[in-house]
Amino acid sequence: EQSLLATFVDPSLGTIDQLATRPALSPVELSETSQAARGTILMLGWALALSDKSLAPSEQARLNELASGLGIAAEQAVVLQGHAQAFLIDQAFDAAYRSGSRDAAAHQEALGVGAAIGLTAEEAERADVRYRKAHGIV
């Protein structure tokens, strides 16, 4: 999770460990976030929380609080979670299709990633089909 977060954080703001010691944003601070950025913030939060292929109850609770604080409806939060899951499984499919054809072992690992981040087998299969279509892989 920390390595993914580090790719998004400007080093001039401090290290990840330093930023982690700051208090959570207040509801007022969250309400001052631009409308355009709110969905992106939550989606990145989901990607970050799922990047270690595990979702702790505390992470789920924090993401629910963040969605509420940003004024994002539960239905939209689920959509944003889905976008984060799609991003992460696509990263796994990148490894499975690196040569332009399916590496069976890496493909099984990608499907395992899907399960680990909360996708059903059918959702992972649909993600595979979408990935192959998008990349022209038969």
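A residue counts as buried when its relative accessible area is under 20%, as exposed when that area is over 50%, and as partly exposed in between. These terms are used below for a predicted model.

The overall make-up of the protein chain comes first. It contains 8 helices and 0 strands, and read along the sequence its pattern is α-α-α-α-α-α-α-α. Taken along the principal axes, the C-alpha atoms fill a box of roughly 50 × 35 × 25 Å. Of the 138 residues in the protein chain, 31% are buried. The chain exposes about 8,600 Å², and carbon and sulfur atoms supply 57% of this area. Contacts can also be sorted by their distance along the sequence. Among those between residues at least 6 apart in sequence, 64% join residues at least 24 apart. As for charge, the chain has 10 positive and 17 negative side chains, and the centres of these two sets lie 6 Å apart.

The loop between helix 3 and helix 4 offers a place to look at single residues. Glu32 lies in this loop, and so does Thr33. Glu32 has a relative accessible area of 64%, which is over the 50% cut-off, so Glu32 is exposed. For Thr33 the value is 17%; because this is under 20%, Thr33 is buried.

Both loop residues can be related to Leu70. Glu32 and Leu70 are 38 residues apart in sequence, while their C-alpha atoms are 8.9 Å apart in space. Thr33 touches Leu70, and also Arg38 and Ile41, when residues up to four places away in sequence are not counted. Leu70 belongs to helix 5, which runs over residues 57–70.

After the loop comes helix 4, made of the 16 residues 35–50. Its length can be checked against a simple expectation. At 1.5 Å a residue, taken for one less than the number of residues, helix 4 should span 22 Å. The C-alpha atoms at its ends are 24 Å apart, which agrees with that expected span.

Which residues of helix 4 are buried? They are Arg38, Leu42, Gly45, Trp46, Ala47, Ala49 and Leu50. Arg38 is also one of the residues that Thr33 touches. The buried residues of helix 4 pack against four other elements: helix 1 (2–6), helix 3 (27–31), helix 5 (57–70) and helix 6 (74–96).

Terms used:
Residues are numbered from 1 along each chain as its sequence is written. This is a predicted model: local features need pLDDT of at least 70, side-chain atom pairs count only at pLDDT 80 or more; totals for chains, interfaces and linings use all residues. Side-chain values use heavy atoms; hydrogens and water are left out. Helices (H or I, at least four residues) and strands (E, at least two) are DSSP runs, numbered from the N terminus. Buried means under 20% relative accessible area, exposed over 50%, partly exposed in between (1.4 Å probe, protein chains only). Contact means heavy atoms within 4.5 Å. Accessible areas come from the Shrake-Rupley method with a 1.4 Å probe; for residues, only the protein chains shown count as cover. Lys and Arg count as positive and Asp and Glu as negative; His and the chain ends are not counted. The place of a charge is taken as NZ of Lys, CZ of Arg, CG of Asp or CD of Glu.
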